[in-house]
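I opened the model to look up a handful of residues before going back to the bench. The entries below follow the order in which I looked.

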Amino acid sequence: MMTRRLVQLFTGLAMYGISLAMFIRAGLGLDPWDVFHQGLANRTGLSIGVVVIAVSFLVLLLWIPLRQMPGFGTLCNAVLVGIFADVGLAFIPGVSHLAGQAGLLAGAVLLNGIASACYIGARFGPGARDGLMTGLARRTGWSVRLSRTLIEVTVLAIGWVLGGSVGVGTVVYALAIGPLVQVLLPRFMVPAAAPKAAGEPAPANC
């Protein structure tokens with residue numbers, strides 16, 4: 001079971017980074033956080049992967065007053081998504097015609113949904129940004145939906161001002177990713193280990 005969880009976690013994070021590269025190459029707009037990442041990358045001259053990693057660790061600092069504890073998956077998420085985003089950008093060419101852009105966008109949304117279901121289903125802890133949302137909701141009593149909306153509207157606005165790409169892809173992602181992950185997550189959710197009965201010997205292999 002642990003082997004499956006680790007493979008699923010690392011595969012999901014790799015696919016997530018590649019999907020970000022596909023969104024960028026499609027050129028039709030990014031999700032709110034990546035609008036922010038791209039805006040910062042444009043202003044600093046850093047690669048978007050480096051910016052994703054840096055922002056992830058800055059967001060983790062905000063977990064401290066929220067009394068959130070990162071999991072193994074949280075830390076892997078903070079590093080690997082940015083690395084694979086830069087790898088994807090190095091190998092995925094840009095497209096200039098609308099049909100190619102639309103196909104790349106559709107593939108990016110689908111891959112992102114599968115990636116999200118994979119790493120969430122591995123049960124190693126939320127990503128830094130998701131943990132910020134749930135931690136804020138828990139500490140303030142706000143709904144998760146309200147917390148997410150406030151955070152994403154804020155980073156989207158800042159990213160747009162900084163020059164991040166907002167477009168039809170931003171809207172498509174917002175409308176599609178929730179239902180897509182909801183459909184896919186049960187297929188990737190690793191079952192929780194059943195509690196061991198008193199006196200029952202531990203299995204030889206897990």
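Entry 1, Gln38. I began with Gln38, which counts as buried at 15% relative accessibility. The model is a predicted one, and I kept that in mind for every entry. Gln38 sits in helix H2. I listed its contacts, leaving out residues up to four places away in sequence, and found Ile24, Leu30, Ile48, Gly164 and Ser165.

Entry 2, Asp34. I stayed in helix H2, residues 32-44, where Asp34 also lies. Which side chain of opposite charge is nearest to Asp34? I found Arg129, 6.2 Å away. A salt bridge needs a side-chain nitrogen within 4 Å of a carboxyl oxygen, so Asp34 has none, although Asp34 is buried. With residues up to four places away in sequence not counted, Asp34 touches Leu20 and Ile48. I noted that Ile48 was on the contact list of Gln38 as well.

Entry 3, salt bridges. How many salt bridges does the structure hold? I counted 1. Glu152 forms a salt bridge with Arg148, and the closest N and O atoms are 3.1 Å apart. Both residues belong to helix H7, residues 144-161. Because Glu152 and Arg148 are 4 residues apart in that helix, about one helical turn separates them. I then checked how open the pair is to the surface. Glu152 is partly exposed, with a relative accessible area of 21%. Arg148 is also partly exposed, with a value of 35%.

Entry 4, cysteines. I searched the whole structure for disulfides and found 0. Why is Cys76 not in a disulfide? The closest cysteine sulfur, in Cys118, is 14 Å from the sulfur of Cys76, which is too far for a bond. From the other side, Cys118 is in no disulfide either, and its nearest cysteine sulfur is that of Cys76. Are these cysteines buried or exposed? Cys76 counts as buried at 11% relative accessibility. Cys118 is buried too, with a relative accessible area of 5%.

Entry 5, nonpolar surface. I looked for nonpolar side chains on the surface and found a patch made of Phe57, Leu75, Val79, Ile83, Val87 and Phe91. Together these residues have about 520 Å² of accessible area. Which element gives the largest share of the nonpolar patch? Helix H4, residues 72-91, supplies 5 residues. I took one of the patch members for a closer look. Phe91 is in helix H4 and is exposed, with a relative accessible area of 69%.

Entry 6, positive phi. Most residues other than glycine have a negative phi, so I wrote down the exceptions I came across. Phi of Arg67 is positive, near 60°, and Arg67 is not a glycine. Arg67 is found in the loop between helix H3 (48-66) and H4, and at 65% relative accessibility Arg67 counts as exposed. Arg123 likewise has a positive phi of about 60°. Where is Arg123? Arg123 is in the loop between helix H5 (98-121) and H6. Its relative accessible area is 32%, and Arg123 is therefore partly exposed.

Entry 7, Leu136. I went on to helix H6, residues 128-140, to look at Leu136. Its neighbours within four places in sequence set aside, Leu136 is in contact with Leu66, Gly141, Trp142, Ser147 and Ile151. I also took a C-alpha to C-alpha distance from Leu136 to Leu146, and the result was 9.9 Å. The two are 10 residues apart in sequence.

Entry 8, Pro186. My last stop was helix H8, residues 168-188, which holds Pro186. Is Pro186 buried or exposed? Pro186 is exposed, with a relative accessible area of 60%. I compared positions along the chain and in space for Pro186 and Gly121. They are 65 residues apart in sequence, and their C-alpha atoms are 7.9 Å apart.

Definitions and conventions: Residues are numbered from 1 along each chain as its sequence is written. This is a predicted model: local features need pLDDT of at least 70, side-chain atom pairs count only at pLDDT 80 or more; totals for chains, interfaces and linings use all residues. Side-chain values use heavy atoms; hydrogens and water are left out. Contact means heavy atoms within 4.5 Å. Buried means under 20% relative accessible area, exposed over 50%, partly exposed in between (1.4 Å probe, protein chains only). Lys and Arg count as positive and Asp and Glu as negative; His and the chain ends are not counted. Patches are made of residues with over 30% relative accessible area and no salt bridge: like charges are joined within 9 Å, nonpolar side chains (Val, Leu, Ile, Met, Phe, Trp, Tyr) within 5 Å. Accessible areas come from the Shrake-Rupley method with a 1.4 Å probe; for residues, only the protein chains shown count as cover. A disulfide is a pair of cysteine sulfur atoms within 2.5 Å.
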